[in-house]
Amino acid sequence: MDKIDCINTFISVVENGNFSHASRNLGITRDQVSKRIFYLESLFNTSLFIRNTRKMDLTRSGEKFYERCKVIVKELDLAAHDFVYDQKYPEGLLKISAPHAFIQTCFSDVISNFLIKYPHIEIDLMFSDHSSHINPHKFDVILKVEENIEEQNTFILNTYKRSFYATDAYLNKYGKPKNIEELREHSILLYSKDDLKNNIINSIPKLTCNNIEMLLELCKRNQGILFAPDFLAKKYEDEGIIINYSKTLLNSDLYFYATTPYGSRVPKKLELFLNSLKQYFSNYH
């Protein structure tokens, strides 16, 4: 039996004088009123009313319980009001953890646009490449770009590819590898050592660096073949500085997703932020 329903029924009996008046006030039967009061008395192993033929007086325990119940109901009403207000007018602090790679994308545009649109929301943003070391309960949302999704309570925002990039000049000089085995003959530039774990890259990289600008600079100078997430290389590919020729080799999928400690019922401010991310990166991809 729902305790809140029973508490509201108890308050109605006290304020309306008896079970019959309370049942009419609540729109339920007198028997339902009686069962709810009996449930509370059984739960606390005490009598709440002194029953007589004319009216129902509260016992000493009933008087104390009535005062407590009034506070409980008032606090519930205030909490409900706050929840409705927060849903309609989102505000407060939003704590976000994001991959370090996002510094090198248009992520600053996402944050700037979001803060302009929702000026009453504050953001505490931390960049890290060590998501496994992050305490998930210290953040409202942790953004990740991974090959596999192992967590629960995740929101997939987009999918990406890891692709091979090089300049025309490099490929003309050293030849275009036709398969993964032929990559052994080339200098490989890697964004992350994680790419070595699943044998996608089976040769020793010439350079591993989590700064896409440096990797692209070496790639532009014909120093090797770059293997990196496409959202990091997209700008340079669009400008024609490098070309993506992974169709002749392989594409490795990546998931861009968010994890939260809230389950499926996220706060309104977080819901708005996730929607902004999904919309922005679906267009950016």
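A disulfide is counted here when two cysteine sulfur atoms lie within 2.5 Å of each other. Keep that cut-off at hand for the first exercise; the model you are looking at is a predicted one.

**Exercise 1. Cysteines**

Task: Find how many disulfides the rule gives, and explain the result for Cys 69.

Solution:
- Step 1. Start with Cys 69 and look for the closest cysteine sulfur, which belongs to Cys 6.
- Step 2. Compare the distance with the cut-off: the two sulfurs are 10 Å apart, so they are too far from each other for a bond.
- Step 3. Try Cys 219 as well. Its nearest cysteine sulfur is that of Cys 209, 13 Å away, and Cys 219 is in no disulfide.
- Step 4. Write down the count, which is zero disulfides.
- Step 5. Now check the surroundings. Buried means under 20% relative accessible area. Cys 69 has 0%, so this residue is buried. Cys 219 also comes out as buried, because its relative accessibility is 0%.

**Exercise 2. Domains and cores**

Task: Work out which domains contribute at least three residues each to the largest nonpolar core.

Solution:
- Step 1. List the domains of the protein chain: domain 1 covers 3-86, domain 2 covers 92-152 + 260-283, and domain 3 covers 160-253. The C-alpha centres of domain 1 and domain 2 are 44 Å apart.
- Step 2. Find the core members with the most contacts to other members. The core has 41 residues, and these members are Phe 102, Phe 107, Leu 143, Leu 226 and Phe 273.
- Step 3. See which element gives the largest share: helix H9 (residues 268-284) supplies six residues of this core.
- Step 4. Give the result: domain 2 and domain 3 each provide at least three residues.
- Step 5. Zoom in on Leu 143. Leaving out residues up to four places away in sequence, its contacts include Phe 102, Phe 107, Phe 273 and Leu 277.
- Step 6. Look for a separate core too. A second one has 19 residues, among them Phe 10, Ile 28, Ile 37 and Leu 48.

**Exercise 3. Glu 41**

Task: Decide whether Glu 41 is buried or exposed, and find the backbone nitrogen that its side chain reaches.

Solution:
- Step 1. Locate Glu 41 in helix H3 (residues 30-44).
- Step 2. Use the accessibility: at 10%, Glu 41 is buried.
- Step 3. Follow the side chain of Glu 41 to the backbone nitrogen of Leu 48, at 2.8 Å.
- Step 4. Add the neighbours. Beyond residues up to four places away in sequence, Glu 41 touches Thr 46, Ser 47, Leu 48, Phe 49 and Arg 51.
- Step 5. Check the confidence: H3 has the highest mean, 94, while H9 has the lowest, 83. For the whole protein chain the mean pLDDT is 85, with 90% of residues at 70 or more.

**Exercise 4. Asn 179**

Task: Find which backbone nitrogens the side chain of Asn 179 lies close enough to for a polar contact, using the 3.5 Å cut-off.

Solution:
- Step 1. Find Asn 179 in the loop between helix H6 (168-174) and strand S7 (188-190).
- Step 2. Classify the residue: with 34% relative accessibility, Asn 179 is partly exposed.
- Step 3. Take the backbone nitrogen of Glu 181, which lies 3.1 Å from a polar side-chain atom of Asn 179.
- Step 4. Take the backbone nitrogen of Glu 182, which the Asn 179 side chain reaches at 2.9 Å. Both distances are within 3.5 Å.

Technical notes
Residues numbered from 1 in each chain as written. Predicted model: local features only at pLDDT ≥ 70, side-chain atom pairs only at ≥ 80, totals over all residues. Heavy atoms only, no water. Domains from an automatic or database assignment. Core = buried A, V, L, I, M, F, W, Y, C linked by side-chain atoms within 4.5 Å. Buried < 20%, exposed > 50% of the residue type's maximum accessible area, 1.4 Å probe, protein only. Helix = DSSP H or I, 4+ residues; strand = E, 2+ residues; numbered from the N terminus. Contact = heavy atoms within 4.5 Å. Polar contact = N/O pair within 3.5 Å; in protein donor to acceptor, adjacent residues only side chain to side chain. pLDDT = per-residue confidence, 0-100.
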